[in-house]
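Here is a walk through one protein model, written for someone who would rather look than calculate. Have the structure open and follow along.

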Amino acid sequence: MRIRLKIIITLALSILTVAAVQASAADLKVMVSIVPQKYFVDRIAGDLAETTVMVKPGSSPATYEPKPSQMAALSASSIYFAIGVPFEKAWLPRFHSANEHMEIVDLSQSVVRMAMKGHHHHEKEHHNEKMKETDMHHEMHEHMSAGHGHHFMPDPHIWLSPALVRVMIMDIRNALIKADPAHESVYESNYLDFVKDINSLDSELAKSFKNSDGKSFMVYHPSWGYMAKAYGLHQIPIELEGKEPSPKELAQFIDLAEKMSIKAIFIQPQFSKKSAQAIAQAIGAKVLVADPLAYDWMENLKNVGSQFLDNVK
């Protein structure tokens with residue numbers, strides 16, 4: 001009796017081991033640059049893919065340097081989804097060298113990127129005291145000042161536009177199907193469900209901002225340009241290319257924020273909040289967090305949209 005029971009237990013464990021190995025072998029190993037991309041892949045692949053994020057929460061995609069353990073993990077990945085954030089420029093060739101069999105899919109190649117806009121670092125020495133707020137606004141946010149040159153600097157924050165995400169997830173779906181054709185129907189079904197949710201979110205945000213066309217919100221880092229453009233808002237960034245405003249510029253921002261009755265200045269966890277706090281303190285405004293790198297992309301855009309709606313001027 002004991003021998004028979006032992007045989008049964010041994011067979012059961014063997015079956016479970018084989019099943020576990022098969023399940024593990026079926027898992028697609030995927031790497032992405034930023035946390036929101038993991039959400040996109042998770043929505044389409046479900047538990048069919050194991051997705052690892054390169055830029056860890058709290059870190060900046062502008063200056064990130066992968067750890068040796070992450071470079072080692074690349075060797076097991078079938079797909080790397082890039083998205084056009086700055087650190088990729090130096091590192092994607094190294095990722096390819098680390099795993100020549102890994103397909104690198106750059107999602108930014110499927111969308112049209114706009115120029116990064118920021119404040120004017122070389123203001124005119126004299127302003128007309130009666131200058132209208134709109135004139136002052138445009139003066140401080142002229143695209144690519146003489147100090148920065150007239151080169152085109154693409155805004156990398158393409159994941160913050162529902163319309164652009166709708167395009168990018170087609171590439172995600174296609175790459176997953178190519179790597180794992182046996183589950184094509186699952187990827188396709190999940191993709192279509194995700195598209196429906198994106199359409200719903202897009203409509204909801206458009207409806208919320210229909211009476212806010214042309215209104216502005218102030219941020220430290222210019223992350224929200226695509227979302228602003230999509231819904232008729234104007235983003236006023238304090239920082240550009242990692243440069244803090246000079247004392248003179250800070251005074252001008254305080255003046256502008258006061259003239260526009262700005263109620264809140266938005267910051268993100270990955271950057272300094274010193275300048276934003278200085279402006280907010282000077283005019284009695286709030287400092288609010290709007291994180292462009294949160295995992296739950298759908299919920300995050302709803303929450304940030306609601307905060308913008310309450311504070312646009």
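## A helix on the inside

Helix α2 is largely enclosed by the rest of the structure, because nine of its 11 residues are buried. Keep in mind that this is a predicted model. The buried residues of α2 are V35, P36, Q37, Y39, F40, V41, D42, I44 and A45. So what does the covering? The cover over these buried residues includes the strands β1 (28-32), β2 (49-53) and β3 (79-82), along with the helices α6, α7 and α11 (297-311). Just after α2 comes G46, which has a positive phi, near 60°.

## How α2 sits on α7

One of those covering helices deserves a closer look. α2 and α7 pack with their axes 7 Å apart, at an angle of about 125°. With that angle, α2 counts as oblique to α7. On the α2 side, Y39, F40, R43, I44 and A45 make the contact, and on the α7 side it is V186, Y187, N190, Y191, D193, F194 and D197. Sorted by type, the residues of this contact of α2 with α7 come out as eight nonpolar, one polar and three charged.

## How α6 sits on α7

α7 (residues 184-208) also packs against α6 (residues 162-179), here at an angle of about 175° and with the axes 10 Å apart. Angles over 145 degrees count as roughly antiparallel, so that is what α6 and α7 are to each other. From α6, the residues P162, V165, R166, I169, M170, R173, L176 and I177 take part; they meet E184, Y187, E188, Y191, F194, V195, I198, N199, L201, D202 and L205 of α7. The residues of this contact of α6 with α7 split into 13 nonpolar, one polar and five charged.

## Salt bridges along the way

How many salt bridges does a search of the whole structure find? It turns up six. Three that involve the helices above are listed here.

| Salt bridge | N to O distance |
|---|---|
| K38 and D42 | 3.3 Å |
| R43 and D197 | 2.6 Å |
| R166 and D202 | 3.5 Å |

The K38 and D42 pair stays inside helix α2 (residues 35-45), with the partners four residues apart, about one turn of the helix. K38 is partly exposed, at 25% relative accessibility, while D42 is among the buried residues of α2.

The pair of R43 and D197 joins two helices: R43 lies in α2 and D197 in α7, so this salt bridge ties together parts 154 residues apart in sequence. Both ends are partly exposed, R43 with a relative accessible area of 23% and D197 at 30% relative accessibility. Both residues also appear in the contact of α2 with α7.

Finally, the side chains of R166 and D202 meet in a salt bridge. R166 is in helix α6 and D202 in helix α7, 36 residues apart, and the pair links distant parts of the chain. R166 counts as partly exposed at 24% relative accessibility.

## Stepping back

Now for the protein as a whole. It has 11 helices and eight strands. Of its 313 residues, 47% are buried. Among contacts with a separation of 6 or more, 67% are between residues 24 or more positions apart. The accessible surface is about 15,800 Å², and carbon and sulfur atoms account for 55% of that surface.

Definitions and conventions
Residues are numbered from 1 along each chain as its sequence is written. This is a predicted model: local features need pLDDT of at least 70, side-chain atom pairs count only at pLDDT 80 or more; totals for chains, interfaces and linings use all residues. Side-chain values use heavy atoms; hydrogens and water are left out. Axes are lines fitted to C-alpha atoms, for helices over the stretch in contact, and angles run from 0 to 180 degrees between N-to-C directions. Angles under 35 degrees count as roughly parallel, over 145 as roughly antiparallel, 65 to 115 as roughly perpendicular and the rest as oblique. Contact means heavy atoms within 4.5 Å. Ala, Val, Leu, Ile, Met, Phe, Trp, Tyr, Cys and Pro count as nonpolar, Asp, Glu, Lys and Arg as charged, and the others, Gly among them, as polar. Buried means under 20% relative accessible area, exposed over 50%, partly exposed in between (1.4 Å probe, protein chains only). Accessible areas come from the Shrake-Rupley method with a 1.4 Å probe; for residues, only the protein chains shown count as cover. A salt bridge is a side-chain nitrogen of Lys or Arg within 4 Å of a carboxyl oxygen of Asp or Glu.
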